[in-house]
Amino acid sequence: MKKETILSESRDPVFRNLVLKSPGCEKIPTCMQCGICAGSCPVSHEMDYTPRELVRMIQLGLKQEVLNSNTIWICTTCFSCSVRCPRGIRPTELMEALKPIAIAEGVKNKNARFDGVFSDVVKKNGRASEFLLISKYSLGEPEMIKQVPFGLALISKGKLPLSIDKMENTSELGAIFNMGEKKPEKPEEKQKTVTTTKAVDNEGGAEK
Ligand code: SF4
Ligand code: SF4
C-alpha cells in the first residue's frame, strides 16, 4: 500500500458495509494481513495493490482507492488466494463484488475498458476474436501504436488470424448478456413497487 496518511474523510463506512454484505466478503474484518493471498497470486506484480492490500483497504473503507485500482480487473479469478487464506476470506469473490460497484460508479479504468471491449466482441460474435479484440481496444489507447510492429510480425507468422470466427446464431447469447446487463432495482424502488402492489390489492378488495 502506498505510504500515505489516510485521512478520515477518505474512509467510507457505507461502501465498506456494502462490500462486507457481498457473498464471500463477510470474513474480511478477520484478515490478519499474513500475506498468503498476495504470495499465492500469480499476477500480483501487475496489480497496483495486492489482494492483501485490497482487503485492508476494504477494512478501512477506502472507496476511491479501491474502485480506481487496477487490481480488480487484473485478477484472473484463479482462486489461489481464496483456497489458501487461513481466515476463510475469499479475495476472488471480493474482486467480483467490486466490479459491478466500480461500473455503477462510472469508474474509468483502462483495465475495465479492456473487459468491456472483450464482452462486446463476445456478445456480437459469440467468440473471442483476437484480431477484433486488439483492434477495438487499440482504438481508444494511443499507446498501443507502439505494438503495431509486433502485431504485424504476429500476422506474418500466422499467429494472429484476421478471419473472424462467428457463431451462427448469437440471439440466445445476446439474451444472456441482456440479463447480465440489467441494472438491479434500487432498494427504495423495490419498496415502492411492493407498496403500490399492496395499494392496488386493497383497492381491488383482493381476498387474502
Ligand atoms: S490470506 Fe487471508 S488473512 Fe492472510 S492477508 Fe490474505 S485475506 Fe488476509
Ligand atoms: S483469484 Fe485473483 S487475486 Fe486471487 S490469487 Fe488468483 S489472480 Fe490473484
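**Notebook: two ligand shells and a helical core**

I began with the shell around ligand 1 and sorted its residues into 11 nonpolar, 2 polar and 2 charged. For this sorting, Ala, Val, Leu, Ile, Met, Phe, Trp, Tyr, Cys and Pro count as nonpolar, Asp, Glu, Lys and Arg as charged, and the others, Gly among them, as polar. The model is predicted, so I note the limits: local features need pLDDT of at least 70, side-chain atom pairs count only at pLDDT 80 or more, and totals for chains, interfaces and linings use all residues. Residues are numbered from 1 along each chain as its sequence is written, while chains are lettered from A and ligands numbered from 1 in the order in which they are written.

**Ligand 1**

I looked up who surrounds ligand 1 and found 15 residues. A residue is near a molecule if its C-beta atom, placed from the backbone, lies within 6 Å of it. The closest are Cys 31, Cys 34, Ile 36, Cys 37 and Cys 85. Helix H2 (36-40) and helix H3 (51-60) are the elements that give two or more residues to this shell. H3 gives the most, with 3 residues.

**Ligand 2**

Next I listed the 14 residues around ligand 2. Cys 41, Cys 75, Cys 78, Cys 81 and Thr 92 come nearest. Helix H6 (80-84) and helix H7 (91-104) each supply at least two residues. H7 has the largest share, 3 residues. I sorted this shell into 9 nonpolar, 5 polar and no charged.

**The loop before H6**

I then checked backbone angles between helix H5 (71-74) and H6, where Thr 77 sits. Thr 77 has a phi near 50 degrees, a positive value in a residue other than glycine. Thr 77 is exposed, with 10 other C-beta atoms within 10 Å. My cut-offs, with C-beta atoms placed from the backbone: a residue is buried if 20 or more other C-beta atoms lie within 10 Å of its own, exposed if 12 or fewer, and partly exposed in between. Phe 79 lies in the loop between H5 and H6 as well. Phe 79 is not a glycine, yet its phi is positive, about 75 degrees. Phe 79 is partly exposed, with 13 other C-beta atoms within 10 Å.

**Whole chain**

I counted 12 helices and 0 strands. Helices (H or I, at least four residues) and strands (E, at least two) are DSSP runs, numbered from the N terminus. Of the 208 residues in the chain, 19% are buried.

**Core and H3**

I asked which residues have the most contacts inside the largest nonpolar core. They are Leu 54, Val 55, Met 57, Ile 58, Val 66, Leu 94 and Leu 98, in a core of 23 residues. Such a core is a set of buried Ala, Val, Leu, Ile, Met, Phe, Trp, Tyr and Cys residues joined through C-beta atoms within 7 Å. H3, helix H4 (63-67) and H7 each give two or more residues to this core. Leaving aside neighbours within four places in sequence, Leu 98 is in contact (C-beta atoms, placed from the backbone, within 7 Å) with Val 66, Leu 67 and Ile 72.

H3 is mostly covered, with 7 of its 10 residues buried. Arg 52 and Glu 53 are among the buried residues of H3. The buried residues of H3 pack against helix H1 (13-20), H2, H4, H5, H6 and H7. Just after H3, Gly 61 has a positive phi of about 75 degrees.

**H10**

I checked helix H10 (residues 148-156) last and found it hardly covered: 0 of its 9 residues are buried. Gly 158, just after H10, takes a positive phi of about 75 degrees.

Conventions. Two residues are in contact if their C-beta atoms, placed from the backbone, lie within 7 Å.
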